[in-house]
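Grab the model and let's work through a few exercises together. Each one sets a task and then walks through the solution.

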Amino acid sequence: MTNLSRRKLILTGLTATAGVSGLGVAARLAQKFGLVPPDHDGVYGPGETLTYASQRLLTRHSLAREFSRSQISKRPLANEIPPFNDAFKRLQAGGFADWRVSVDGLVDRPASFSLAQLKSYPSRSQITEVACEEGWSYIAEWIGVPLSHVLDLVGVQPEARYVVYFSIDPDWWESMDMDDAMHPQTFLTYGMNGNELPVGNGGPLRVRLPRQLGYKSVKYITRLTVTDSMKKFGKGLGSASPEGGYAWYAGI
């Protein structure tokens, strides 16, 4: 049986059991095939599981829509952010020359990268849309290094399942599975519309995860941790988002 037909069979089973026997049965089937998100418990857990499993079975390698340069928004929205802490202000005063992002966890070669190092690697650009869960959106050109390139440099270990990424704001963190981490459109982004990434839009460094809603593209990134489990991070739900009432997987 081919991978595609096997995936279709699993998805058919997930959908059928969701309709006939309830989401709980579908969730158990998803668990059998390792397609369960960290926030699978609770009232909405079975539904989150069905959404995540269906997306992974059908769209694992799909691309977010890319736009033409003429479609770039004239005024990209810099949404409200919390007051910057002293550490950010010190780095900003120095032109972010000392900004670093560390990579640790299940990697062979833990490392710390400066902005200059990240900019020295092969860069990529994409013109994609930031879609906010609150209803607004904008299109911009994003310039950066694919996260997969950085992960290849540090050597991700076989048991890795997630990449957790942290802002300089200690309460702002998210995670993604390895499919999204290695996806060609997932960037560590340092540029926007041909210029440096503005602070209001996440500069000097943000994750750009265009296949998911905007809150997954965390700003001011300083640390990445590769892990096989989310249980030791926060409340074990995968990120700060489900702790605040949002879904861990926010696929578009």
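Two strands pair if DSSP finds at least two bridges between them, and strands here are DSSP runs (E, at least two residues), with helices being H or I runs of at least four, numbered from the N terminus. This is a predicted model, where local features need pLDDT of at least 70, side-chain atom pairs count only at pLDDT 80 or more, and totals for chains, interfaces and linings use all residues. Residues are numbered from 1 along each chain as its sequence is written, and side-chain values use heavy atoms, leaving out hydrogens and water.

**Exercise 1.** Work out how β5 and β10 pair.

Step 1: find β5 at residues 162–167 and β10 at residues 221–227. Step 2: check the direction; they pair in the antiparallel sense, over 6 bridges. Step 3: pick V164, whose bridge partner in β10 is T225.

**Exercise 2.** Lay out the open sheet of 5 strands.

Step 1: read the order, β2-β1-β10-β5-β6, with mixed pairing. Step 2: spot the edges, β2 (111–114) and β6, each pairing on one side only. Step 3: add the twist, which averages 20° from one strand to the next.

**Exercise 3.** Decide where to trust the coordinates.

Step 1: take pLDDT, the predictor's confidence in each residue from 0 to 100; the protein chain averages 87, and 85% of the residues score at least 70. Step 2: look at residues 1–23, where pLDDT stays under 50. Step 3: where pLDDT is low, the predicted coordinates should not be read in detail.

Technical notes:
Contact means heavy atoms within 4.5 Å. Axes are lines fitted to C-alpha atoms, for helices over the stretch in contact, and angles run from 0 to 180 degrees between N-to-C directions.
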